[in-house]
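Me: I would like a close look at a single part of this model, namely one strand in its surroundings, described with care and then set in the context of the chain and of the rest of the assembly.

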Amino acid sequence: MTIRTDLPYLRARSLRAAQPAPPAPAVSPSPDLADVAGSVAEQPSASLDLSAPVVPSPAQPPSASLDLSAPSAPAAPAVSASLDLGDSAPPTPPAGTPPAGTSLTLFDETPATPPGGTSLSLDAPSQAPAAPSRSPHGHTRTADHGLGLPTINAGERRPMTENEPVVELTRMQSAAGGLDAKVAVSNPSEVILGLVFETGDSRESLVLPGLSQQGPDPRRPIFRATTSGVAVNLRRITDIHRLVLFAVPTRPSKQLPGGTVTVTTYGESRLEIPLVAGPTLGAQALLTGYVVEGRLVLRAEHDPYSGTLQQICAAYGYREISWRDPYTPLV
Amino acid sequence: MAVSLSKGGNISLEKAAPGMTNAVIGLGWDPRTTDGAPFDLDASVLLLADNGRVRGDSDFVFYNNLTGDNGAVQHQGDNRTGEGEGDDEQINVSLAQVSPDVQRIVVVASIDQADARGQNFGQVADAYIRIYDADDPHNSTKGVRFDLGEDASTETALIFGELYRNGGEWKFRAIAQGYAGGLASVITQFGLQVG
């Protein structure tokens with residue numbers, strides 16, 4: 001036999017400890033990236049192992065797996081095409097977790113999510129609702145559908161910045177008293193606030209001072225214009241689906257003055273939305289609100305684009321409104 | 001004939017409605033018929049632990065949270081006018097399904113925007129609360145009833161009564177405790193934040 005000297009790296013090769021083959025491996029194509037590390041030698045796999053070379057066992061089919069971690073004992077007996085870039089063995093899945101997952105875990109630690117709620121993580125939030133469980137007296141506990149969004153306390157003021165644009169009101173905050181939006185600028189006559197809304201029965205309309213003072217039903221209004229802004233009667237929260245608060249400059253130049261729009265709750269919590277000075281095309285969206293399981297979720301839009309009022313409404317999905325002209329709804 | 005209680009009275013539900021496992025809490029009132037803003041009365045319940053406070057926000061069952069204690073308590077929805085026959089608002093309670101750590105179920109009635117409209121319970125007529133068997137609703141011999149009468153005047157919220165555990169059974173107590181500060185003043189004393 002001839003000894004080749006042109007392949008010195010082969011001297012470093014080692015043989016992995018033999019692993020017993022699972023009795024009946026489930027073959028399922030899994031994109032779970034967390035399952036892969038060290039689990040590639042025993043199973044037919046499409047992943048690529050870059051760790052120390054392994055001589056394939058006759059009992060184990062050749063592997064084309066990609067494993068960037070140190071070899072470790074296999075955890076999942078299923079075929080996996082996942083990619084784990086972590087530096088340790090994959091965590092043992094909790095009981096009941098299917099071996100073939102679809103997670104895209106790239107790190108072992110839970111990423112810190114900013115309170116503003118703008119994380120792009122595909123993982124469930126740390127305050128994810130618990131799975132239904134069974135209570136001691138027999139009936140099934142329903143999951144807590146906490147939205148996991150930033151909340152606000154009574155009396156607290158909160159600037160709604162681009163980094164923290166979202167606030168979730170509790171069911172009580174969402175249902176008690178009213179939501180009052182007011183403009184705070186040096187010359188309040190230079191801007192008016194309006195609301196476009198959709199009710200629970202899918203009616204869309206607007207409240208705009210001087211044009212439509214209240215809606216949707218003048219006899220029992222939910223939304224109304226006030227002397228310095230607009231207000232929402234939260235006693236009717238169950239009749240509200242969504243809304244957009246917008247600003248309309250009154251100058252002929254359609255220039256918005258700089259300042260702040262405040263939104264206060266019954267408990268005197270105050271949300272502050274910046275009003276950026278500058279030219280507009282007629283209207284500027286400021287804040288959106290959606291009712292999610294009885295909770296009002298508010299988001300400062302910080303929209304860089306303005307438009308005619310008709311364009312703003314259409315851009316935010318209010319297309320069931322008729323218009324006299326691009327600036328004047330038919331209400 | 002259903003048992004009629006006076007203020008402060010209490011009775012075992014097993015005696016008032018033998019065999020009842022699913023109770024209906026019915027509340028009724030007649031709105032003012034003179035000119036002025038319409039009345040909108042709301043019924044709600046608080047599920048209290050043995051410390052006299054709610055365990056969390058979800059223990060306040062009202063028009064914006066119709067289900068409590070994993071479905072053991074179900075608010076049947078809002079009647080905005082008080083018009084029509086029978087109960088104006090109803091809340092169903094599956095007595096056997098209520099969590100063991102819930103010791104009291106306090107029933108509250110309140111007037112929406114009472115201050116703004118200058119309204120109070122003195123202007124509400126024929127207000128009552130009754131408890132009856134959901135599985136035998138037409139049996140007039142079962143159940144318990146408490147008529148508010150003229151007890152309330154300037155109050156804008158009212159604790160009508162409460163279901164409470166006593167030993168191994170549920171009892172009902174007629175309370176009629178009024179509050180001038182509306183619903184907020186009631187619920188805050190039980191550990192809830194309004195805003």
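Reply: Two strands are said to pair here if DSSP finds at least two bridges between them. The model is a predicted one, and the part chosen for the close look is strand S11 of chain B, which covers residues 144–147.

On one side of the account stands strand S1 of chain B, residues 3–5, which pairs with S11(B) in the parallel sense over three bridges. Within this pairing, Leu5(B) has Phe146(B) of S11(B) as its bridge partner. Strand S10 of chain B, residues 125–133, also pairs with S11(B), but in the antiparallel sense and over four bridges; here Ile129(B) is the residue that stands opposite Phe146(B). Phe146(B) thus appears in both pairings, as the partner of Leu5(B) and as the residue opposite Ile129(B).

The side chains along S11(B) alternate between two faces. Val144(B) and Phe146(B) point to one face and are buried, whereas Arg145(B) and Asp147(B) point to the other face and are not buried. Buried, in this sense, asks for 20 or more other C-beta atoms within 10 Å of the residue's own.

As for the chain that holds this strand, the secondary structure of chain B comes to three helices and 13 strands, and buried residues make up 48% of its 195 residues. When contacts in chain B between residues at least 6 apart in sequence are considered, 67% of them join residues at least 24 apart.

Chain B also touches chain A, in a contact that takes 24 residues from chain A and 16 residues from chain B. On the side of chain A that touches chain B, strand S2 (140–141) and helix H1 (171–175) of chain A each supply at least two residues, and H1(A) gives the most, with five residues. By kind, the residues of this side of chain A divide into seven nonpolar, 13 polar and four charged.

For a view of strand pairing in chain A, there is an open sheet of six strands in the order S4-S17-S16-S11-S6-S7, with antiparallel pairing. Strand S4 (166–168) and strand S7 (204–207) of chain A are its edge strands, each pairing on one side only, and neighbouring strands of the sheet are turned by 15° against each other on average, with direction ignored. Within this chain, strand S16 (residues 284–292) and strand S17 (residues 295–300) pair in the antiparallel sense over six bridges, and Gly289(A) stands opposite Leu298(A) in S17(A).

How values were computed:
Residues numbered from 1 in each chain as written. Chains lettered and ligands numbered in written order. Predicted model: local features only at pLDDT ≥ 70, side-chain atom pairs only at ≥ 80, totals over all residues. Contact = placed C-beta atoms within 7 Å. Nonpolar A, V, L, I, M, F, W, Y, C, P; charged D, E, K, R; others polar. Buried ≥ 20, exposed ≤ 12 C-beta atoms within 10 Å, placed from the backbone. Axes fitted to C-alpha atoms, helices over the stretch in contact; angles between N-to-C directions.
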